[in-house]
Amino acid sequence: MIPRSVETLITSSAEADGVIPVTAERQLRQQAERRGAARVRIVNQHADNLKETKDESVDVVISMQAAERMYENGLDWTNSVKEAARVLKPGGRFLFVEKTQINEIDYIDCVMGTYSFDQNEEKDDSDKSDEEVQPKRRLFEMVGYDDVDMVLVPHIAGVVIKSSEGGMTDLEVEARKTDDEKDRLAELSISAFERGIKKRRKKKKVQDEEEV
């Protein structure tokens with residue numbers, strides 16, 4: 001079911017060919033038409049490579065029992081988590097209901113252990129020593145998660161938020177804070193200057209009126 005509060009729903013596929021199944025596409029369009037729900041934008045893109053979706057362009061990413069399907073179809077489900085981080089705006093939500101473990105990897109550990117969505121960057125770091133690699137902050141902050149009851153195969157449901165400082169080193173965070181503070185002081189200076197101009201103009205206007 002598509003909530004009416006959703007403005008636009010962008011699709012991706014866990015299938016090997018990256019194409020949305022016909023039945024799924026039909027159901028999405030019917031819900032949009034009958035319930036007056038979100039505008040559905042059918043995009044045939046792999047869930048582990050959201051090439052048709054821009055960086056930091058969406059508010060919410062939803063993954064519902066897709067990771068196992070991706071694994072079965074030869075896709076990289078762990079990269080789908082990184083792609084979710086890439087396309088989410090800072091403060092955006094990642095909602096998921098997935099198998100607790102896929103291919104012996106804990107889903108929640110993968111989510112909370114994501115520090116970068118750039119695979120090339122991770123390869124470059126692998127060639128550096130521990131001293132050269134600056135630790136980065138996690139891309140996601142935990143809101144909450146719990147085990148899903150009444151299912152034969154263990155599943156987990158949770159919500160995380162994309163951190164505004166995710167993927168940054170402590171030095172980069174401090175540099176950003178310094179820049180933000182400089183910008184804040186500059187805005188205060190401009191505001192004070194503009195108020196001074198207005199005050200002088202007002203004073204001059206009063207003097208002119210008194211002279212007349």
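Here's a walk through the structure, from its main pocket to a few side-chain contacts. It's a predicted model, so local features need pLDDT of at least 70 and side-chain atom pairs count only at pLDDT 80 or more, while totals for chains, interfaces and linings use all residues. Residues are numbered from 1 along each chain as its sequence is written, and side-chain values use heavy atoms, with hydrogens and water left out.

Let's start with the largest pocket (on a 1 Å grid over the protein atoms alone, an open set of points where a 1.4 Å probe fits, with protein on both sides within 12 Å along at least five of seven lines; lining residues have an atom within 4 Å of a point). Its volume is about 1,500 Å³, taken as the space filled by probe spheres set on the points, which are joined across faces, edges and corners. Its lining has 45 residues, with L9, I10, T11, S12 and I62 nearest the centre. Strand β3 gives the most to this lining, 7 residues (strands are DSSP E runs of at least two residues, helices H or I runs of at least four, numbered from the N terminus). By type, the lining splits into 23 nonpolar, 13 polar and 9 charged residues (Ala, Val, Leu, Ile, Met, Phe, Trp, Tyr, Cys and Pro are nonpolar; Asp, Glu, Lys and Arg charged; the others, Gly among them, polar).

Now for the contacts. Side chains of opposite charge can pair when their charged atoms come close. There are 11 salt bridges in the whole structure (a side-chain nitrogen of Lys or Arg within 4 Å of a carboxyl oxygen of Asp or Glu). One of them joins R29 to E25 at 3.3 Å, N to O; both sit in helix α1, 4 residues apart, about one turn of the helix.
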